[in-house]
Amino acid sequence: MNIIIFIVLMTVTCWLRLCLYHFKFAGSFSLSKRNKIKKMLISEVNALGFEEFIKIFGNVVEMCPLVAAAVWSNLPFQDLESLQNSIETFVDQLPLAGKAGILRCHPDLAGRLAAADQLTDESKLEQKAAGLDDLTPSEKFQMDSLNTRYKDKFGFPFVICARENKKDAILKGLAQRLNNDKDQEIHTGVAEVKKICWLRLTSIVSTKSSL
Ligand SMILES: NC(=O)N[C@H]1NC(=O)NC1=O
């Protein structure tokens with residue numbers, strides 16, 4: 001009897017130890033993996049050649065590498081804010097048709113590209129962060145019909161910074177912004193593009209570094 005109790009106790013202890021080992025090291029492994037993606041310093045950004053710069057920053061404005069190509073000529077930057085300002089100045093100087101073009105380069109939220117797993121890595125992460133990969137059938141229907149009405153009215157897709165919103169806020173914003181006029185929507189959409197851009201930049205470059 002004692003032996004049975006001993007065996008049961010040993011089994012439970014071993015099992016508990018295995019669990020603890022797993023949680024301790026699995027946790028630190030994923031953390032160290034995350035830490036390995038070290039953010040760049042602004043001095044490293046400033047040392048980039050044109051092609052490398054485009055490879056790294058070509059999608060900070062979704063599918064618009066031209067924006068990165070334009071601001072590369074403003075190197076060196078004092079800090080990350082200066083790089084963002086340079087991008088914003090370039091975008092602000094575009095005519096309305098250019099701004100609408102930038103909006104047009106954005107994928108629909110929870111749209112066809114998402115369903116076909118053809119989003120850019122950045123957009124995929126952002127849409128997932130907002131819970132857009134997990135819509136109920138009724139939310140999906142609402143999103144599809146509002147997106148279609150929006151595009152029919154304005155001629156470009158609805159753009160919002162998904163990382164700053166959850167799916168309910170996005171659906172609400174989409175319904176509200178349908179009431180705006182086209183110029184207002186270009187203005188609001190571009191303001192959202194700048195927020196998306198800033199978050200993408202901060203995931204690449206350390207905000208603490210300055211020259
Ligand atoms: N349509 C739209 O807003 N798309 C974008 N928003 C965002 O945060 N990432 C995107 O790709």
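This short report looks at how a ligand is held in a protein model, and then at one residue, Ile56. The model is predicted.

**Around the ligand**

Let's start with where the ligand sits: its place is the largest cavity. The shell around the ligand consists of Pro107, Leu109, Ser123, Glu126, Phe158, Val159, Ile160, Cys161, Ala162, Ile196 and Arg200. Sorted by character, the residues of this shell are eight nonpolar, one polar and two charged. Two helices, α8 (121-129) and α11 (182-202), each supply at least two residues of the shell.

Which atoms of the protein and the ligand pair up? The table lists three polar contacts.

| Residue | Protein atom | Ligand atom | Distance |
|---|---|---|---|
| Pro107 | backbone N or O | nitrogen | 2.7 Å |
| Ser123 | side-chain N or O | oxygen | 2.7 Å |
| Phe158 | backbone N or O | nitrogen | 2.9 Å |

So Pro107 and Phe158 each use a backbone atom, facing a nitrogen atom of the ligand, while Ser123 offers a side-chain atom to an oxygen atom of the ligand. How much of the ligand's surface does the protein bury? Taken alone, the ligand exposes 290 Å², and the protein buries 100% of that.

**A look at Ile56**

Now let's turn to Ile56, which belongs to helix α3 (residues 50-57). Is Ile56 buried or exposed? Ile56 counts as partly exposed because its relative accessible area is 32%, a value between the 20% and 50% cut-offs. Along the chain, Ile56 and Leu199 are 143 residues apart, and their C-alpha atoms are separated by 14 Å.

Key
Residues numbered from 1 in each chain as written. Predicted model: local features only at pLDDT ≥ 70, side-chain atom pairs only at ≥ 80, totals over all residues. Heavy atoms only, no water. Near = heavy atom within 4 Å. Polar contact = N/O pair within 3.5 Å; in protein donor to acceptor, adjacent residues only side chain to side chain. Areas by Shrake-Rupley, 256 points an atom, 1.4 Å probe, with all protein chains shown as cover. 1 Å grid on protein atoms, 1.4 Å probe; cavity = no way out; pocket = protein on both sides within 12 Å on 5 of 7 lines; lining within 4 Å. Sits in = over half its atoms within 2 Å of the grid points. Helix = DSSP H or I, 4+ residues; strand = E, 2+ residues; numbered from the N terminus. Nonpolar A, V, L, I, M, F, W, Y, C, P; charged D, E, K, R; others polar. Buried < 20%, exposed > 50% of the residue type's maximum accessible area, 1.4 Å probe, protein only.
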